[in-house]
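Student: I'd like to learn how to read a structure feature by feature. Can you walk me through one?

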Amino acid sequence: MARCGFASRRASEKVILEGRVSVNGKQVTELGTRVTPEDEVTVDGKKLTLEAEKRYVLLNKPKGYVCSMKDEKDRMTAASLLKDRYPERLYNVGRLDMFSTGLIIFTNDGDFAALLSHPSAELEKEYIVETSLPFPRNLAEEFMKGIRIDNVFYRAKDAVELNSHRMKVVLVEGKNREIRRVFESKEIGIKSLKRVRIGCVGIGSLKEGESRELSKEEVASLKKLCASYSY
């Protein structure tokens, strides 16, 4: 399903368990069911076909867009920014919250998405945080040592104070709203949060709302960075 560009592996597994998938007319709910190119696979009665071309797209997400293929609250999705340029069904690798901006990768290559998303890949994501008020001078050091909030442990791989209102933060795991929770725990509101790098790929001159295809060299380099994970 992931190789057909339907969804990521994790999302596809959820759809299978929900009983929405059939193989040759027979409902399938067991994960790992093997199929061949000759088998007919349908989701909600719609036939899936292998994508003719694999796409790897880098988007600079603006604020106000959510990272989901379809939003139940009818909010704007980051994927909608790509529909006019790319005919394939592309889904996001990882997420950025609605109020954050910056880099996110979209693809129809399920193996690539699984490789980048796996925790053991330890793919770096770099962010620039801007605050309305000055933050504590020891916050960067504390973040690198680790901070426990509501029984959840947050730790940055790297954090550097750029000035009293700006910090560079590098994460490899990226728990839900990790940076925001850390700053909120110090009663410091975030003015802007931008992801400027994923692994070896930086934001460069890509403006908000703009996208570009990753080069073959960039795709290969990202895979190499995640080579510790074998699937």
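Tutor: Sure, starting with a term: buried means under 20% relative accessible area, and exposed means over 50%. Keep in mind that this is a predicted model. With that cut-off, Cys-226 is buried, at a relative accessible area of 0%.

Student: Since we're on cysteines, how many disulfides does the structure hold?

Tutor: The general idea: a disulfide is a covalent bond between the sulfur atoms of two cysteines. Here there are zero disulfides. For Cys-226, the closest cysteine sulfur is in Cys-200, 8.8 Å away, and that is too far for a bond because the cut-off is 2.5 Å.

Student: And what is the closest cysteine sulfur to that of Cys-67?

Tutor: That one is in Cys-226, at 18 Å, again too far for a bond. Cys-67 is buried too, with a relative accessible area of 3%.

Student: Next, sheets. How do I read strand pairing?

Tutor: Strands of a sheet pair through backbone hydrogen bonds, either parallel or antiparallel. In this model, one open sheet has four strands in the order S2-S1-S3-S4, paired antiparallel. Strand S2 (26-28) and S4 stand at the edges with a single partner strand each, so one side of each has no neighbour in the sheet. Further in, strand S1 (residues 21-23) and S3 are joined by three bridges in the antiparallel sense. One of the partnerships is Ser-22 with Thr-42 in S3.

Student: What sits between S3 and S4?

Tutor: A loop, and Asp-44 is in it, between strand S3 (41-43) and strand S4 (46-47). Check its backbone: phi is near 55°, a positive value in a residue other than glycine. Asp-44 counts as exposed, at 52% relative accessibility.

Student: Where else can I look at a positive phi in a residue that is not a glycine?

Tutor: Try Glu-187, with a phi of about 60°. Its place is the loop between helix H4 (178-185) and strand S13 (190-198). Glu-187 is exposed, with a relative accessible area of 71%.

Student: Now the inside. How should I read a nonpolar core?

Tutor: In soluble globular proteins, nonpolar side chains tend to be buried together. The largest nonpolar core in this model has 32 residues, and those with the most contacts inside it are Phe-106, Phe-143, Met-167, Val-169, Ile-179 and Phe-183. Several elements each supply at least two residues of this core, including strand S5 (56-61), strand S7 (101-107), helix H3 (139-145), S12 and H4. Apart from it lies another core, of 23 residues, among them Tyr-91, Leu-116, Val-196 and Val-201.

Student: Take Met-167 as an example. Which strand is it in, and is it buried or exposed?

Tutor: Met-167 lies in strand S12 (residues 166-171) and counts as buried, at 0% relative accessibility. S12 runs antiparallel to strand S11 (residues 158-163), with five bridges joining them. The two strands form a hairpin with two residues between them, and Met-167 is the bridge partner of Glu-161.

Student: What does Met-167 touch beyond its sequence neighbours?

Tutor: Leaving aside residues within four places in sequence, its contacts include Tyr-127, Val-129, Phe-135, Leu-139, Ala-159 and Phe-183. Val-129 is 38 residues away in sequence, yet the C-alpha to C-alpha distance is 5.2 Å. Phe-183, with the same neighbours within four places left out, is in contact with residues including Val-129, Thr-131, Met-167 and Ile-190.

Note on methods. Residues are numbered from 1 along each chain as its sequence is written. This is a predicted model: local features need pLDDT of at least 70, side-chain atom pairs count only at pLDDT 80 or more; totals for chains, interfaces and linings use all residues. Side-chain values use heavy atoms; hydrogens and water are left out. Buried means under 20% relative accessible area, exposed over 50%, partly exposed in between (1.4 Å probe, protein chains only). Contact means heavy atoms within 4.5 Å. Two strands pair if DSSP finds at least two bridges between them. A nonpolar core is a set of buried Ala, Val, Leu, Ile, Met, Phe, Trp, Tyr and Cys residues joined through side-chain atoms within 4.5 Å.
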